[in-house]
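Hi everyone, thanks for making time for this. I'd like to walk you through one structure, so please have it open as I talk.

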Amino acid sequence: MKKKVVSLMLVTAMITSMAAGCGSNNAGSTNTGNAGGDAATTGSTESAGGDEATSTGDNKLTVYAWDANFNIPALQAAADDYKANVDPDFELEIVEQSQSSDIEDAITLAGSAGDYSTLPDIVLFQDHWIQRYVSDYPDAFVPVDDADVNWSDFSQEKLSYSTIDGVHYGFPVDNGTVIFAYRVDLLEECGYTIDDMTGISWADFIKVGEDVYNKTGKYLLSMDGDGNDLIYMMLQAEGESQFKDGKPYITENEKLVQVMEVINEMISKNVLYLANDWSDYVDQTILGDMVAGVMNGNWIIPSIEQVAENSGKWEITSMPTLAGGEGYASNGGSSLYITSNCKNTDLAKKFLAYTFGGSSVTYDGALKNGGVITTCISAGESEVYNEGVEYFNNTPIYAQIVEMGSHVPVVEQSDYHYTCRTQIAAAVINIKDGQDVMEALQAAEDQLNFEMGN
């Protein structure tokens, strides 16, 4: 994701527009909260309007969110739950945004103007960006330490994004825990099982990958070479970060150097297919049936499931590690935050604490209707989460993912996560093309230091 640079002229123009239309962007507005049923929609879809984005009723809240097939069904499930079990008069108005950057821009514009009255009561916000925005616009968000939530019941890695200087600001929504999914039919064809791939070292993984490619012509792993998250995931599974004390930690990071060497070896031995871009990664390798294994945040599951004829042929497990042993990482995710423009913060805290703070009803509905998997450990113990999933050989993958998420190590994060990803991805390509590993990493570190102003 590119750094946002908003000129004074653009800010002024857009603030004027937002004052007139309350940040509508012609986004759909859905009133939710009917008790019972899979759909929570009670009102028609319309453009957001009015002088302020916040709700005015005593029992109504407004939230900005994106993704009608994922995050919004999760919010609808929460509205259903709260209305049915806490307050029959409760109403949640979901203002759909086209993408996550729309919400980031809304915060930027409001903060630049020093006027947060254009914001809704609640916003859904990307985990990797929130710390920068709380730092840049500390008056935009409301701390929620006093919310009735058992914070120890969540993946601590997930909470590490929304906990800033020891203060809780967000309520976790989705689970970005990394899965390694394998075509068990292809593994068996080559003499291996899912157990053989659990707790494996990357060195042994490469040996298996060579066998699989030689016997089936399929890669055991693929990754988008342009937006390459592989390095970050492999490194987090080692308990390491690409940053240390706020600065790049690249050339002196022994684990990172080893990870880069492993990646290069996997490419050279046809174990890893490095796709040209995201479309190539999904359309050619996953949907195109080029791979026998997929490793990414669990949000990749719907892409895997699009190939109907492979139902029952997949299972999931944890990641390999350099020394062997089960590896755990997370990639992607978002949380909900209360804005300073919320006129009823008590209601917002109660709603979010009751629902996303641990309600199995909310999280069961979010999973069934939108595929959103919780990071709340106790919610992952429900019957819904422990049901076998036919596509994954009738194994209870959702309970498995929640359990794996509880083991993800907390590593140092940075506002420059995506900038670092770009530079390290370029280093992977350069190393593949023959550049020395340390030279490529030094160039990446120098460029990252330059962009960070070090």
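**A walk through the model**

So, let's start with two helices: the crossing of H9 and H16 is right-handed. Who makes that contact? On the H9 side we have Val257, Met260 and Glu261, and on the H16 side Val437, Met438 and Leu441. If you sort the residues in this contact by class, you get 5 nonpolar, no polar and 1 charged. Before I go further, please keep in mind that what you're looking at is a predicted model.

Okay, to find these helices on your screen: H9 covers residues 254-268 and H16 covers residues 437-452. Their axes come within 11 Å and cross at roughly 120°. Now, angles from 65 to 115 degrees count as roughly perpendicular and those over 145 as roughly antiparallel, so H9 and H16 end up being called oblique to each other.

Next, a sheet. Have a look for strands E14, E9 and E15, because that's the order in which these 3 strands form an open sheet, with antiparallel pairing. E14 and E15 are the edge strands, each with a single partner, so each has one side without a neighbour in the sheet. On average, neighbouring strands here are turned by 25° against each other, if you ignore direction.

Let's stay with E9, which is residues 178-183. Is this strand buried or exposed? Well, 6 of its 6 residues are buried, so the rest of the structure largely encloses it. And here's a bit of background: side chains in a regular strand alternate between the two faces of the sheet. You can follow that along E9: Val178, Phe180 and Tyr182 point one way, while Ile179, Ala181 and Arg183 point the other way. Both sets are buried, and yes, that includes Arg183.

How is E9 joined to the other strands? On one side there are 5 bridges to E14, residues 293-297, running antiparallel. Two pairs to click on: Ile179 has Asn296 as its bridge partner in E14, and Ala181 has Val294. Then there are 4 bridges from E9 to E15, which is residues 314-317, and that pair is antiparallel too. There, Arg183 has Trp314 as its bridge partner.

Now a quick stop at one residue, Thr216. You'll find Thr216 in helix H7, residues 202-216. Which residues does Thr216 touch, once we leave aside its neighbours within four places in sequence? Those are Leu186, Glu189 and Cys190. Something else to try with your distance tool: the C-alpha atoms of Thr216 and Val291 are separated by 9.6 Å, and these residues are 75 apart along the chain.

Last stop: two aspartates in loops. Asp165 sits in the loop between strands E6 (163-164) and E7 (167-168). Asp165 isn't a glycine, but its phi is positive, near 55°. Asp165 is also exposed, with a relative accessible area of 78%.

Then there's Asp245, in the loop between strands E11 (243-244) and E12 (247-248). Asp245 has a positive phi as well, about 55°, and again this is not a glycine. Why do we call Asp245 exposed? Exposed means over 50% relative accessible area, and Asp245 has 68%, so it qualifies.

That's my tour, thanks for listening!

Key:
Residues are numbered from 1 along each chain as its sequence is written. This is a predicted model: local features need pLDDT of at least 70, side-chain atom pairs count only at pLDDT 80 or more; totals for chains, interfaces and linings use all residues. Side-chain values use heavy atoms; hydrogens and water are left out. Axes are lines fitted to C-alpha atoms, for helices over the stretch in contact, and angles run from 0 to 180 degrees between N-to-C directions. Angles under 35 degrees count as roughly parallel, over 145 as roughly antiparallel, 65 to 115 as roughly perpendicular and the rest as oblique. A crossing is left-handed if the near helix is turned anticlockwise from the far one by less than a right angle, and right-handed if clockwise. Contact means heavy atoms within 4.5 Å. Ala, Val, Leu, Ile, Met, Phe, Trp, Tyr, Cys and Pro count as nonpolar, Asp, Glu, Lys and Arg as charged, and the others, Gly among them, as polar. Buried means under 20% relative accessible area, exposed over 50%, partly exposed in between (1.4 Å probe, protein chains only). Two strands pair if DSSP finds at least two bridges between them.
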